[in-house]
Structure formats: C-alpha cells, structure tokens
Amino acid sequence: MSVTIVGGGISGLSLAYFLLEKDPGLEIRVLEAENRPGGKICSDSSDGFLCERGVNGFLDNKPYTLELARKLSLNPLRSNDAAKKRFIYSRGRLYPLPESPQAFLFSGLLSPCGRGRIFYEILSPKGKEEDETLASFAKRRLGKEAYEKLIDPMASGIYAGDPEKMSLKSCFPRIHELERKYGSLIKALLKLQKEAKKSGKSVGPGPGGRLTSFYNGMETIVRSLKEFLGQRLLVSKGVKAVDKREDRYSLYLEDGSVMESDTVILACPAYAASEILRDLAPALAAHLSEIPYPAVSVACLGFRQEDIRHNINGFGFLVPASEKRKILGTLWDSSIFPNRAPEGYVLLRTMIGGARAPELAMEDEERVTGIVLDELKDIMGIDVLPDFARIYRHEKAIPQYNVGHAARLQEIDNAVSAYRGLYLTGNAYRGIGINDCIENSHKLAGEIYSKT
Ligand SMILES: Cc1cc2nc3c(=O)[nH]c(=O)nc-3n(C[C@H](O)[C@H](O)[C@H](O)COP(=O)(O)OP(=O)(O)OC[C@H]3O[C@@H](n4cnc5c(N)ncnc54)[C@H](O)[C@@H]3O)c2cc1C
C-alpha cells in the first residue's frame with residue numbers, strides 16, 4: 001500500500017512517524033508546500049534571540065508530545081518556576097491570576113460582587129442549548145465580570161478567538177461534559193479534588209500542566225522528525241488537486257508533476273484541503289471552507305534588561321477585550337525559558353489580531369511594531385525603543401471552532417467516509433494544540449493500519 005500525506009506540519013510529520021512505527025516497510029511520503037517542514041512550528045534564531053514564530057510550547061499534563069519526544073530521544077524543557085505566575089491586565093494595571101480557590105477569594109482582579117457571583121454558580125441551572133457559545137456559558141454560570149476578566153482573555157490566549165462565537169463543547173469539551181455530568185463546575189471541582197486526593201494528585205480550576213518546549217525551541221521536534229523521515233519528506237511540493245480513478249488517487253502538484261497513491265491523508269489546513277478537494281468532492285470542500293482562520297501576528301521585541309523597570313518575573317499577561325486595547329497579550333519569553341535572549345537582554349512576545357481584530361495583524365511591520373510599543377508603554381511603562389524586533393505574520397493563523405463546528409464535523413466525516421482511502425487530520429478538527437494534533441495522528445495511524 002502506498003500512503004501520501006499532504007502537509008508537513010506536526011500533524012503530518014507525526015502521522016508519518018506513527019505509521020512507520022507500525023510498519024517500517026510502508027511506502028510513504030509527506031508532501032510539504034513550503035521549502036521547510038514544521039508549519040506553525042518555526043524557531044528563529046538571530047542576534048542571540050530565539051523567537052518562536054508561532055507555537056511556543058505544549059502543556060505537560062497530556063502525554064502525547066512528551067511520549068513522541070521520548071521516542072525521538074529529545075529532552076523536553078519545562079518552563080521556569082517563575083512562569084507559574086500569570087497576569088491579567090485590568091483597569092490600568094496587571095493583576096496576578098489567582099492560582100488556587102483560596103487566592104481567588106483575596107484577589108483584587110474581580111470586585112467583591114463579581115467574586116460573590118461566582119459562588120452562585122453552584123445554584124445556576126444547567127444549560128439547555130446543545131451547542132452554546134463560550135460567552136453565553138460563562139456569563140450564565142459565572143457572571144459577566146468573571147466572563148470578561150477570566151474567561152475572555154483565556155479564549156484570546158489559546159484561540160485568539162471571539163467567545164461570543166466560539167463553541168463551548170468544541171473548544172472546551174471537558175468543561176461542557178462537567179456541566180452535563182455534575183450540574184455545576186464548583187461541584188465538579190470539589191468532587192474531582194476529593195477523588196484526586198485519594199490517589200495523591202491535585203486538581204485545580206485551570207487547565208493545569210506546565211508549558212514545555214526544548215532548549216533550542218519547538219523546532220527541535222520538527223528537525224528530529226525530518227531526520228527520521230529522510231527522503232520520504234519532500235518540500236516545495238504543494239498539492240493543487242486530488243482525483244480518484246478506480247481504487248487509486250492521483251495528486252496534481254503545483255510544479256506540474258502527478259503522483260499516484262492508494263491512500264491520501266490531507267494534513268494541511270482546512271482551507272487548503274478545501275481547494276484540493278474542490279473538483280473531487282465539492283460538498284466536502286464547501287464544508288471545509290467554512291472553518292474560519294483569522295490573522296494573528298507575533299511581535300518579538302528584545303530590550304536591554306536595565307531598560308525594563310516593570311517586574312517581568314512571570315509568564316506574561318493577557319488582555320480582556322473589555323479593556324479595548326490593541327493587543328491580545330504579551331509573554332515574557334525570556335522569563336519562561338532559558339536561552340531566549342542574550343545575557344543582559346529580555347525577549348517579550350506580543351500577539352496582535354485574532355478573530356476580533358484580524359485587520360490589526362495585517363498592518364505593515366512598522367505599524368504593528370508601533371502599536372505594540374504604544375501598548376507596552378501604557379501597560380508596562382516601557383518607554384524605550386527595542387534593540388531587536390521581528391514581526392511574524394500568520395494571515396490564516398488558528399482555526400476557529402465556532403458554534404456549529406461539531407455539526408460541521410459530522411457532515412465532514414460523513415462526506416469523507418464515501419472516499420475509501422481518503423482521510424483528513426490537523427488542527428482544524430478535534431483540538432488545536434500540539435498535544436491534540438499528535439494524539440489525533442496517533443489515533444489515525446491506528447485506524448489506517450487496521451484497514452491494511
Ligand atoms: C501564532 C500561533 C501560536 C500558536 N501557539 C501554540 C502553542 O504555543 N502551543 C500549541 O499547542 N499550539 C499552538 N498553536 C497552534 C498550532 O498551530 C498547532 O498546534 C499545530 O502547530 C498545527 O499543526 P498542523 O500540522 O495541524 O498544521 P500546520 O502547522 O498549519 O501545518 C500544515 C502544513 O500544511 C502545509 N500545506 C498547506 N497547504 C498545502 C498544500 N496544498 N500542499 C502541501 N502542503 C500544504 C503548510 O505549509 C504547513 O506546513 C499556535 C498557532 C499559531 C498560529
């Protein structure tokens with residue numbers, strides 16, 4: 001059986017790895033459109049700074065990336081202890097995000113009314129809508145203030161999304177399940193804490209886990225997979241279209257060549273898969289084209305340590321939309337991991353754009369730098385120009401799982417099942433993080449292998 005994977009991001013690369021793990025003799029190739037593999041994982045080293053263009057790390061509370069790193073003999077790097085401290089910008093200053101329910105009681109981030117309203121959660125009735133927005137869920141259960149100051153910035157931090165459109169059950173399936181099962185998040189937390197205590201573990205209100213990367217950045221795992229795949233990975237091989245004749249697929253490439261394959265897995269973004277399938281499966285292509293990908297830009301700015309008066313001993317901060325600022329948040333990268341800035345310098349990494357202001361991400365580089373500097377001046381009091389600046393633009397950055405995503409996935413699954421030997425994977429469908437991508441590739445490798 002011959003297998004062709006279209007897209008050499010972490011989804012496609014890890015899928016190839018898992019398939020070869022099951023059958024080292026499998027005839028397999030990965031076709032990547034760009035001149036390098038990795039997709040949204042790209043670590044850029046220049047002038048002594050190590051900038052992540054996209055992915056900054058993964059959480060170690062799920063085993064998938066750690067397990068793959070172990071198989072590749074890589075050493076994961078946990079974030080510094082200081083990075084446990086996260087901040088939220090509100091009313092002109094940064095407030096530490098409470099790390100425990102007790103700390104929460106004394107946090108000044110929410111007003112006494114806002115804090116009190118959260119305890120009413122235990123009495124709030126269960127939701128009736130099958131697919132509800134994150135905003136509606138959070139306001140209903142936790143109140144408007146907690147939604148604005150806690151939930152909204154979290155949605156920006158992970159999805160660069162708009163909680164008024166994001167689907168709770170597609171973006172945060174665990175929280176959706178907990179409400180269904182226990183009727184209240186507080187009740188669920190207490191119950192889970194009790195169970196966890198018996199096994200000596202702890203459960204907190206947040207997603208948990210520690211941000212993890214590698215000493216030389218996230219691209220380490222891409223380099224290692226590239227080396228493992230060798231000649232099976234072909235770069236600058238964009239696929240334009242796929243056709244099916246009898247039991248085989250023909251892939252038409254941008255460079256004019258045509259390749260044949262028994263099995264084709266589209267591990268590229270949904271909008272690219274939609275283009276590729278336009279003639280073969282128009283209805284499927286239409287569903288895929290409906291998944292939105294707003295633009296996000298990442299501004300990496302390096303400053304001399306002595307020029308930064310603000311304490312940056314922490315993870316960084318997120319900005320609630322209600323503050324009406326122009327950035328989504330800033331990570332204090334050189335406080336999170338070692339080796340991100342040269343001695344005597346710091347590296348700050350700011351996100352701009354996202355579902356609510358995609359146009360800001362697409363401003364020219366000078367303007368993006370100017371906007372970020374204005375915001376950092378107001379928020380952190382930084383009033384000097386950076387010694388180092390890099391702007392990385394992602395015109396189509398992160399797929400949005402808006403309300404209707406689950407129903408769309410059902411249509412997509414039904415449509416794909418009509419094409420024997422055709423599969424879709426990647427962060428557009430069932431989880432946007434690296435851990436999700438690797439877990440989904442692992443599952444898919446098992447499914448494909450079981451059919452051979
Ligand atoms: C700014 C930003 C920050 C992020 N930070 C994090 C983070 O810290 N942690 C985390 O877990 N996740 C993060 N993510 C999400 C991250 O994108 C995913 O977890 C993961 O990298 C997606 O991998 P993928 O392989 O599914 O898709 P991609 O990385 O998008 O890879 C798809 C690949 O397909 C290729 N391709 C496209 N069209 C074609 C074609 N026609 N033919 C052949 N190849 C094609 C592309 O060139 C690309 O290489 C971030 C995303 C962005 C944009």
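**View 1. Polar contacts hold our attention at the ligand.** In this predicted model, a backbone N or O atom of Lys40 sits 2.9 Å from an oxygen atom of the ligand. Glu32 joins in through its side chain, with an N or O atom 2.6 Å from a ligand oxygen. Ile432 uses its backbone instead: a polar atom there is 2.7 Å from an oxygen atom of the ligand. How much of the ligand's accessible area does the protein cover? Taken on its own, the ligand has 990 Å² of accessible area, and the protein covers 88% of that.

**View 2. Now look at the shell around the ligand.** There are 35 residues around the ligand, and the ones that come nearest are Ser11, Glu32, Gly57, Ile432 and Ile434. Sorted by class, the shell has 17 nonpolar residues, 14 polar ones and 4 charged ones. Which helices each supply at least two residues of this shell? Look for α1 (10-22), α11 (270-276) and α17 (434-450).

**View 3. Here is His176 with its surroundings.** You'll find His176 in helix α8, which runs over residues 173-182. Is His176 buried or exposed? Its relative accessibility is 14%, so His176 counts as buried, the cut-off being under 20%. Leaving aside residues up to four places away in sequence, His176 touches Glu130, Leu168 and Lys169.

**View 4. This one shows an open sheet of 3 strands.** Follow the strands across in the order β5-β9-β6, and you'll see antiparallel pairing. Why does one side of β5 and of β6 lack a neighbour in the sheet? Both β5 (58-59) and β6 (77-78) stand at the edges with a single partner strand each, so one side of each is left free of a sheet neighbour. Strands of a sheet, by the way, pair through backbone hydrogen bonds. Zoom in on β5 and β9 (residues 211-213), and you'll find 2 bridges in the antiparallel sense. Leu59 has Leu211 of β9 as its bridge partner.

**View 5. Last stop: helix α10 and what it packs against.** Helix α10 covers residues 219-229, and its buried residues are Glu219, Thr220, Ile221, Val222, Ser224, Leu225 and Leu229. An α-helix has 3.6 residues a turn, so residues three or four places apart point the same way. What do the buried residues of α10 pack against? Their partners are α1, β2 (27-31), β3 (43-46), α2 (64-71) and β10 (233-234). After α10 comes Gly230, with a positive phi near 55°.

Terms used. Residues are numbered from 1 along each chain as its sequence is written. This is a predicted model: local features need pLDDT of at least 70, side-chain atom pairs count only at pLDDT 80 or more; totals for chains, interfaces and linings use all residues. Side-chain values use heavy atoms; hydrogens and water are left out. A residue is near a molecule or strand if one of its heavy atoms lies within 4 Å of it. A polar contact is a pair of N or O atoms within 3.5 Å; within protein, one must be able to donate a hydrogen and the other to accept it, and residues adjacent in sequence count only if both atoms are side-chain atoms. Accessible areas come from the Shrake-Rupley method with a 1.4 Å probe; for residues, only the protein chains shown count as cover. Helices (H or I, at least four residues) and strands (E, at least two) are DSSP runs, numbered from the N terminus. Ala, Val, Leu, Ile, Met, Phe, Trp, Tyr, Cys and Pro count as nonpolar, Asp, Glu, Lys and Arg as charged, and the others, Gly among them, as polar. Buried means under 20% relative accessible area, exposed over 50%, partly exposed in between (1.4 Å probe, protein chains only). Contact means heavy atoms within 4.5 Å. Two strands pair if DSSP finds at least two bridges between them.
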